[in-house]
Amino acid sequence: RKPLGGEIGLGVQCVNGSGVPSAPTAAPLMSIYTEGGTLVLEKRIPPQDKANATGWFSYTQPLNSSFSVGRHYVRYEWVVSATTYTTEHDVFEVIAGGNDDGTFLSAYFLDRPEGSDWMFGQTSQGEVTANRGPRV
């Protein structure tokens, strides 16, 4: 369960028909669907050299404005030796609250003597904000 603006770690271990970890022909295709079956996102995910694990792919997906509150299902598809394999083992829920610009990772308050105070911050989506005024 993550709020809008957060991030979710997703990954898949690619295997062949015998269940042995295998390197696919191309990066696996990750498809994320809503509970109602609407496609939210589709992308190829990068390999991760997790202790030299063969066929391990993962990605940290930002929960931006493409996502809505509710359950989401993740389907992975990859090809090993001209055979296509799929799995649907990741489920996550986006909960109410949060902001699709991301959550603040850092903030700095600059107190100005003339009353025009500034608040600087950076969100998890990489946006840097600068806000000012008497009621920051």
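**Aromatic pairs and the surroundings of Thr87**

Okay, so this structure holds three aromatic pairs, where a pair means rings of Phe, Tyr or Trp (its six-membered ring) with centres within 6.5 Å, and planes under 30 degrees apart count as stacked, over 60 as edge-to-face and the rest as tilted. One of them is Trp78 with Tyr85: the ring centres are 6.2 Å apart and the planes sit at 25 degrees, so we call that pair stacked. Another is Trp118 with Phe120, also stacked, at 5.7 Å centre to centre and 5 degrees between the planes.

Quick caveat: this is a predicted model, so local features need pLDDT of at least 70 and side-chain atom pairs count only at pLDDT 80 or more, while totals for chains, interfaces and linings use all residues. Residues are numbered from 1 along each chain as its sequence is written, and side-chain values use heavy atoms, with hydrogens and water left out.

Now, buried or exposed? Trp78 is buried, at 4% relative accessible area; the cut-offs are under 20% for buried, over 50% for exposed and partly exposed in between, with a 1.4 Å probe and protein chains only. Trp118 is partly exposed at 28%, and Phe120 is partly exposed at 32%.

Trp78 also turns up beside Thr87. Leaving out residues up to four places away in sequence, Thr87 touches Val12, Val74, Arg75, Tyr76 and Trp78, with contact meaning heavy atoms within 4.5 Å. Thr87 itself is partly exposed, at 22%. And Cys14, 73 residues away along the chain, has its C-alpha 9.4 Å from that of Thr87.
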